[in-house]
Amino acid sequence: MSTMLEVSGLTHQYGQGERAHVAVQDLTFSIEAGQLACIVGPSGCGKSTLLRCISGLIEATGGSVRLHGDEVSGVPDDLAVVFQDYSRSLFPWLTVAKNVEFPLRWQKVSKAERTRRAAEVLEAVGLAGVGKKFPWQLSGGMQQRVSIARALVGRPALLLMDEPFASVDAQTRGELEDLTRTVQRDLGSTILLVTHDIDESVYLADRVLVLSKSPASIVADLSIDLPAERDQITTRESERFVALRGEVARLLQSPRAQRTAEAEQAGEGSADSAGSADSELTTADT
């Protein structure tokens with residue numbers, strides 16, 4: 001399996017001097033092609049800043065990001081982002097099909113091919129037959145499916161998802177989680193999704209990267225050894241799911257995850273690379 005994304009020593013600071021705020025600090029990890037990886041951490045820890053640096057929407061103040069070996073400078077053509085606020089990301093004056101086609105307008109894709117590919121991804125996300133409707137005629141969950149379809153229509157090498165299900169109800173959230181795993185499996189997509197929901201991270205992911213409080217550093221990189229076929233009821237009731245959920249929760253409550261920015265700057269914490277789950281569990285349990 002080849003490496004799709006490499007993040008090395010990534011740091012981002014807002015502002016200068018006394019008002020400076022370090023959002024993420026010395027983050028290093030990689031994502032393999034075809035993986036669905038989740039980043040989980042407390043609210044305000046720098047997860048969205050991390051995604052914006054990876055996507056090229058903002059420039060990191062330190063470190064590097066490489067997408068299939070090429071350093072990211074600006075927004076890569078083969079990367080797409082699904083944001084949390086679907087209502088603001090869709091164009092209300094365009095039909096669903098035209099919203100999905102929109103990214104292809106800037107590529108050398110014929111009108112017939114745009115139409116075909118939009119219909120293809122709408123079917124993939126369970127929205128076949130609604131292309132002529134407008135976003136405001138759809139439910140919130142359906143609008144987020146449109147956002148996912150639009151992200152997929154350009155066939156991105158990497159799909160970034162920034163807490164994409166936080167604004168929908170619990171039932172719809174479960175449906176969208178299952179949709180994401182189905183799309184990832186059927187299309188072979190590489191997905192990096194950030195969330196503050198522990199259960200969601202374990203249910204969705206092949207791997208979970210646990211972040212500390214701001215400035216974010218990696219506390220642990222966990223392999224999720226659940227079956228590939230998952231179900232919202234039986235998977236969440238399984239002993240292994242409960243154990244993994246507890247493991248992530250303990251890591252989030254561990255001293256390293258809870259340390260403050262002041263402690264980090266004073267040298268009381270370290271931004272170790274991923275893979276220290278066992279030592280963190282020992283610390284959390286003592």
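Reader: In which sense do β9 and strand β10 (residues 218-223) pair, and over how many bridges?

Author: This is a predicted model, in which local features need pLDDT of at least 70 and side-chain atom pairs count only at pLDDT 80 or more, whereas totals for chains, interfaces and linings use all residues. Residues are numbered from 1 along each chain as its sequence is written, and side-chain values use heavy atoms, with hydrogens and water left out. Two strands pair if DSSP finds at least two bridges between them, and the elements themselves are DSSP runs numbered from the N terminus, helices being H or I of at least four residues and strands E of at least two. Here β9 and β10 pair in the antiparallel sense over five bridges, with L209 standing opposite D221 in β10, and the two strands form a hairpin with six residues between them.

Reader: Which strand is joined to β9 by four bridges, and in what sense do the two run?

Author: Strand β3 (residues 36-40) runs parallel to β9, and four bridges join them; one of the positions to look at is V40, whose bridge partner in β9 is V210.

Reader: Which residues of β9 lie on each side, and are they buried or exposed?

Author: In a regular strand the side chains alternate between the two faces of the sheet. Burial is judged by relative accessible area, with buried meaning under 20%, exposed over 50% and partly exposed in between (1.4 Å probe, protein chains only). In β9 both faces are covered, since R207, L209 and L211 on one side are buried, as are V208 and V210 on the other. Five of the five residues of β9 (residues 207-211) are thus buried, so the strand is largely enclosed by the rest of the structure. As background for the chain, 50% of its 286 residues count as buried, and its secondary structure comes to 12 helices and 10 strands.

Reader: How does the span of helix α5 (residues 140-153) agree with what its 14 residues should give?

Author: The expected span of a helix is 1.5 Å times one less than its number of residues. For α5 that gives 20 Å, and its end C-alpha atoms are 20 Å apart, which agrees. The helix is mostly covered, 12 of its 14 residues being buried, and these buried residues pack against β6 (79-82), α2 (86-89), α3 (96-101), α4 (111-124), β7 (158-162) and α6. Contact here means heavy atoms within 4.5 Å. Just after α5, R155 takes a positive phi of about 50°.

Reader: What caps the N-terminal end of α6, and which residue takes a positive phi just after this helix?

Author: A polar contact is a pair of N or O atoms within 3.5 Å; within protein, one must be able to donate a hydrogen and the other to accept it, and residues adjacent in sequence count only if both atoms are side-chain atoms. D169 is the cap, with a side-chain oxygen 3.2 Å from the backbone nitrogen of Q171, and at the other point in question G188 takes a positive phi of about 65° just after α6. The helix itself (residues 170-187) has 18 residues and reaches 26 Å from its first C-alpha to its last, close to the 26 Å expected. Its buried residues include T172, L176, L179 and V183.

Reader: Is R117 buried or exposed, and which residues is it in contact with beyond its neighbours within four places in sequence?

Author: R117, which lies in helix α4, is buried, with a relative accessible area of 8%. Leaving aside those neighbours, R117 is in contact with L104, V109, V153, G154 and R155, and a polar atom of its side chain lies 2.8 Å from the backbone oxygen of V153.

Reader: How many aromatic pairs does a search of the whole structure find?

Author: Rings of Phe, Tyr and Trp (its six-membered ring) pair if their centres lie within 6.5 Å, planes under 30 degrees apart counting as stacked, over 60 as edge-to-face and the rest as tilted. The search finds four such pairs. Among them, the rings of F91 and W93 have their centres 5.3 Å apart and their planes at 40°, so the pair is tilted. The rings of F102 and W106, with centres 5.7 Å apart and planes at 85°, are edge-to-face. Ring pairs link F91, W93, F102 and W106 into a cluster, within which F91 is partly exposed at a relative accessible area of 24%, while W93 counts as exposed at 61%.
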